[in-house]
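Biologist: Mind walking me through this one? I'd like to hear how you read it.

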Amino acid sequence: MDIKGTRMVSDGRTAQEIFAEVIGNPARRKFGFGQKLAIVNVDFQRAYTDIAAFPTAYETDPRQIEYVNTISALARAKGMPVVWTRVAYKDDAADAGVWGTRTNTPDSLQNIKYDSERHQYDPRCAFGPDDLHYTKRMPSAFFETQLASYLVWHKVDTVVVTGGSTSGCVRATAVDALSHGYRTIVPIETCADKHASYHFANLTDLQLKYADVEPVQTVIDWLEAPECSKVGA
């Protein structure tokens with residue numbers, strides 16, 4: 001019987017090999033950049049970046065935060081917003097909801113408390129005086145936060161999502177960015193996850209469905225281009 005669809009493929013390739021094939025497809029149409037972008041830096045806090053201190057932390061590209069600082073500085077210089085999120089919960093963790101019920105150890109998500117070491121930003125992050133900062137409680141940077149209205153006020157049409165984890169909060173934020181009508185860009189080197197399989201499988205899925213997954217240099221080149229002029233709110 002001839003079929004038009006696809007039965008699930010299992011061909012022995014790694015997630016990284018599949019990603020390399022997908023990202024190398026020159027025929028894949030892109031959403032592209034619009035007129036004004038925002039950089040949304042997701043959860044650059046020590047719980048997830050300080051691999052010397054916390055078992056919940058992870059590192060993919062050791063230059064991740066350097067790249068994030070670079071594109072954030074370029075965006076600021078063009079009058080484009082930069083946003084930083086992080087996660088924390090009140091003392092009884094009730095605001096974690098069902099997400100906080102699977103485990104209850106010192107390393108558990110819901111036990112990241114305000115002003116704790118795990119809540120602290122990574123000291124390598126370089127902030128601007130007008131950057132927006134807020135603490136979120138669920139995976140997406142859009143969920144029950146001021147982000148959507150902030151981007152509307154700034155007349156943003158493109159969202160660049162960085163941070164961690166690729167398979168968790170980055171993915172959730174990118175999907176919500178597209179759902180809100182934004183062109184969505186995920187720079188490869190600016191995202192991190194605990195395992196190459198999770199990382200590359202989710203980059204593949206984002207590229208196929210929800211975002212343009214690009215080398216960070218693509219974002220740098222766009223921001224440095226003469227036609228990308230300084231804009232106002």
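Modeller: Sure, and keep in mind that this is a predicted model. Let's start with a loop residue: leaving aside neighbours within four places in sequence, D95 is in contact with A88, Y89, K90, R137 and M138.

Biologist: Where does D95 lie, and which backbone nitrogen does the side chain of D95 reach?

Modeller: D95 sits in the loop between strand 2 (82–87) and strand 3 (132–136). One of the residues in contact with D95 is K90. At 3.2 Å, what the side chain of D95 reaches is the backbone nitrogen of K90.

Biologist: Now the helices. Are helix 3 and helix 7 roughly parallel or roughly antiparallel?

Modeller: The axes of helix 3 (residues 64–77) and helix 7 (residues 216–224) come within 10 Å and cross at roughly 20°. Angles under 35 degrees count as roughly parallel. That makes the pair roughly parallel.

Biologist: Which residues meet there, and how many nonpolar residues does the contact have?

Modeller: From helix 3 come Y67, T70, I71, L74 and A75, and they meet V216, V219, I220, L223 and E224 of helix 7. The crossing is left-handed. By class, the contact has one polar and one charged residue, and the nonpolar count is eight.

Biologist: Zooming out, what is the radius of gyration of the protein chain?

Modeller: The chain has seven helices and seven strands, running α-β-α-α-β-β-α-β-α-β-β-α-β-α from the N terminus. For 233 residues the globule rule gives 17 Å, and the chain's value is close to that, so it is as compact as a globular protein of that length. The radius of gyration is 18 Å.

Key: Residues numbered from 1 in each chain as written. Predicted model: local features only at pLDDT ≥ 70, side-chain atom pairs only at ≥ 80, totals over all residues. Heavy atoms only, no water. Axes fitted to C-alpha atoms, helices over the stretch in contact; angles between N-to-C directions. Helix = DSSP H or I, 4+ residues; strand = E, 2+ residues; numbered from the N terminus. Parallel < 35°, antiparallel > 145°, perpendicular 65-115°, else oblique. Left-handed = near helix turned anticlockwise from the far one by under 90°. Contact = heavy atoms within 4.5 Å. Nonpolar A, V, L, I, M, F, W, Y, C, P; charged D, E, K, R; others polar. Polar contact = N/O pair within 3.5 Å; in protein donor to acceptor, adjacent residues only side chain to side chain. Rg over C-alpha atoms; globule rule 2.2 N^0.38 Å.
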